[in-house]
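I opened this entry to look up the annotated domain and the two pockets that come out on top by volume. My notes follow the model.

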Amino acid sequence: MTTPLAYQEHLPAVPGWLNKGDNAWQLTAATLVGLQSMPGLVILYASIVKKKWAVNSAFMALYAFAAVLLCWVLVCYRMAFGEKLFPFWGKGAPALGQKFLTKRAIVTETIHRFDNGTVESPAEEPFYPMASLVYFQFTFAAITLILLAGSVLGRMNIKAWMAFVPLWLIFSYTVGAFSLWGGGFLYQWGVIDYSGGYVIHLSSGIAGLTAAYWVGPRLKSDRERFPPNNVLLMLAGAGLLWMGWSGFNGGAPYAANLASSIAVLNTNICAATSLLVWTTLDVIFFGKPSVIGAVQGMMTGLVCITPGAGLVQSWAAIVMGISSGSIPWVSMMILHKKSTLLQKVDDTLGVFHTHAVAGLLGGLLTGLFAEPALCRLLLPVSNSRGAFYGGDGGMQFVKQIVAAMFVIGWNLVSTTIILLFIQLFIPLRMSDEQLEIGDDAVHGEEAYALWGDGERFDPTRHGSLHTSNSAVSPYVNGARGVTINL
């Protein structure tokens, strides 16, 4: 029987190197990671903030998602995964031409050599086109900026944010990505960052804290009381984030292989364990379980497992979940309140604790628990292993510490320089008048077409609406009669 055209090799659309299973999984994984941001974090941010900031918070995430994609294909992909310009940075160039996008994917600089110059591991060449790899890596870059935004919600000037996104992507994110993933000096040294514990989470947490310092705090009233406007919708966003993490860590091996299956299982084990530990601590110390606390615990578990998801055994994923559900809880609930510095910096959603602390923790624990047999499936350096398994594992732990210091230092400096540059032209913080009003002042839009919560309707703020001639209701909390000019 003749093989259908779609399944024949050596056709223009089906070259001999193309593995349709790997390509299908990579595009699926990329879509899952994309859904974490849009709509996952868009929904989560819009719901977890005070009602007057719902639109602004969602828009910051939505804008970042779109802006990163355009910058990514114009110049940033090849700065992060192209030919070496410096030991920590690639040569920027467009990733738009069909000749580039239809050829077999390759991360050029990932070839690894022994000290004598002979090849230890060839460059990574997945069995699908460059277009799949470019899109997959875009979703990682986008979610990094959106996570960073969580530190400055509720007061950063939206115009300053619009300028910050491309600049930070170019001068901060691409450096970490090339150094650890794209064949840069930390990759060549053998540092392990399976799927972004350092590149994404440590960098977004440190950069977020730095940005929060330079932008300044929210209004005193917002800092003292900042209740979520929709807890159930917040859970929907958190659910998209959790389920999307299967693509986040499952797609990191660049193939639908053994490591991807281990990574997906470990990801869910660690997240569930961390959520339960965080909730247990809330019950012990505060007397009741918190839904917001459970979401924080889920997040820290997902972040912690990311640096080693496909490289540790599942019992280690439980240990990492216990650690990520307790250590970031202590840093957020106890140390934060005792630290003068952290009290001065208004990190709106605690991104420093949920991402920087959890990401650093995951990177260090990976240096302890990376299993030699699993490392052989993926890593370019022979005999890679965590300290728990003896041999050169102790040196691996040292490498993880040094890499973390580089990521922290680079993000502190680069984020500071970028924001001080933007401040020369655009105020970083909204005016006090805008901060008092919120979305309506910043965007001319509000999240909900509802009135109540003890507020009186002000017709002067809405030119398209006017009060009717009906009698004024004696009930302060009731909606007043409104007609709409069509």
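The entries below cover the setup, the domain and then the pockets.

Setup. I am working with a predicted model, in which local features need pLDDT of at least 70 and side-chain atom pairs count only at pLDDT 80 or more, while totals for chains, interfaces and linings use all residues. I number residues from 1 along each chain as its sequence is written, and side-chain values use heavy atoms, with hydrogens and water left out.

Domain. I found that UniProt, in an unreviewed entry, lists residues 24–448 as "domain: Ammonium transporter AmtB-like" (positions are in the numbering used here, feature names are shortened, and annotations may be inferred rather than shown by experiment). I noted that this span is 68% helix and 2% strand, with its end C-alpha atoms 39 Å apart; helices (H or I, at least four residues) and strands (E, at least two) are DSSP runs numbered from the N terminus.

Largest pocket. I read a volume of about 930 Å³, and among its 28 lining residues Gln296, Met332, Met333, Thr348 and Leu349 are the closest to the centre. A pocket here is an open set of points on a 1 Å grid over the protein atoms alone, where a 1.4 Å probe fits, with protein on both sides within 12 Å along at least five of seven lines, and lining residues have an atom within 4 Å of a point; the volume is the space filled by probe spheres set on the points, which are joined across faces, edges and corners. I saw that α12 (314–338) is one of the helices supplying at least two lining residues, and its four are the largest share.

Second largest pocket. I read about 770 Å³, with Glu124, Ala252, Pro253, Tyr254 and Leu378 closest to the centre among 35 lining residues.
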